[in-house]
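I set out to look up the aromatic ring contacts in this structure. I also wished to note where a charged side chain meets a ring.

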Amino acid sequence: MEQLTELLDERTSPAFSGELLALRDALLERYNEAVDAMLFYGSNLRSGDALDGVVDLYLVVADYRKAYGKSLPAIFNRLLPPNVYYLEVAADGRMVRAKYAVISMRDLERGTSAKWFHSYLWGRFSQPCELLYSRDTETGRRVRKALAQALLTFLSRVLPALPERLDSAAIWQQGLALSYQAELRAEKPQRAIHLYESWKDYFSKVTPLAMDVVPFKVEREQNASSLIYAVSIPRHIRALSRLGWFVRRLQGKLLSLLRLMKATFTFQGGIDYIAWKLERHTGVAIEVTPKMRRHPLLYSWGLLWRLYRRKVFR
């Protein structure tokens, strides 16, 4: 665990572009002393271009009430974290856009722990992300420890649902696919493969360290092309794992719908963003009507049902 945290220390302190620093400064000004840390992740991290689409950020706060100064958004955030918001900032004469999620340090640590059932947080944070800001050295270390725990939780949950012998590529591609299925996502089946290929070097470094501390017996075999992990897991644990992922899929669809409903109140232009995101990932054109913009909770259900029947959501 310590080695894994140290490895994440090495990769979560890069030099950031002016666009990302402008977003950081704007959020620090907006939330002031409530900010513990900021994490940068997603497609813009992979591409290295903060101007391509919408930057994905996580804002880690000390306390929801302190962050908002109001009770209602704090209650929503506590009941179903995270709350999601939109931000536009001018940087060097160009507009940079971000979607940022607000979560407390307590919920980040709970959501990445081995005790947390659903994959929403430990599935996300098992993937590469970078620390855009931390209040101090100890806070940064605490966040990185949560990221390391997310990776261990992910592997502990997916390995019982996967074949006994597999390499790093199979672990992450099949494991991420399981995580995607536990949400109402518009991702194509090849998405997990693409994500693994984009971060192949990262996964090749963290996987051997993590496999040393997963709660299963793991043996290593080197073949001509890759390192094979032989994971011994009792049959009853594998059976419970299959049941667990079935429940996660049902639970995740419901939670995703609730988060979408919540985002219509917190996310400026939320319905247009959701439509753009769906079209970008699936190629399915989606028309957003004026009624849907004015009253998304009333007039978007028919659209969601049609998209679900067309298997846009997986």
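I searched the predicted model for aromatic pairs and obtained a count of 12.

I turned to Tyr31 and Tyr100. Their ring centres are 6.0 Å apart, and their planes meet at 80°, so I recorded the pair as edge-to-face. Edge-to-face requires an angle over 60 degrees. I then located the two partners along the chain. Tyr31 belongs to helix H2 (residues 18-31) and Tyr100 to strand S4 (residues 94-104); with these positions 69 residues apart, the pair joins distant parts of the chain. I looked up accessibility as well and found both Tyr31 and Tyr100 buried.

I next examined Trp122 and Trp245. This aromatic pair is also edge-to-face, with 6.1 Å from centre to centre and 80° between the planes. I placed Trp122 in helix H7 (residues 120-125) and Trp245 in helix H12 (residues 235-266); they are 123 residues apart, and this pair too links distant parts of the chain.

Are these two tryptophans, Trp122 and Trp245, buried or exposed? I noted Trp122 as buried because its relative accessibility is 0%. Trp245 has a relative accessibility of 1%, so I entered Trp245 as buried; the cut-off is under 20%.

I followed the ring pairs outward and found a cluster that contains Trp122 and Trp245 together with Phe154, Trp172, Tyr196, Tyr202 and Phe203.

Finally, I checked for charges over rings. Arg248 lies over the face of Trp245, 4.5 Å from the ring centre. I recorded a further case at Tyr120, where the charged end of Arg259 sits over the ring at 3.7 Å from its centre.

Notes:
Residues are numbered from 1 along each chain as its sequence is written. This is a predicted model: local features need pLDDT of at least 70, side-chain atom pairs count only at pLDDT 80 or more; totals for chains, interfaces and linings use all residues. Side-chain values use heavy atoms; hydrogens and water are left out. Rings of Phe, Tyr and Trp (its six-membered ring) pair if their centres lie within 6.5 Å; planes under 30 degrees apart count as stacked, over 60 as edge-to-face and the rest as tilted. Helices (H or I, at least four residues) and strands (E, at least two) are DSSP runs, numbered from the N terminus. Buried means under 20% relative accessible area, exposed over 50%, partly exposed in between (1.4 Å probe, protein chains only). A charge sits over a ring if NZ of Lys or CZ of Arg is within 6 Å of the ring centre and within 35 degrees of the ring normal.
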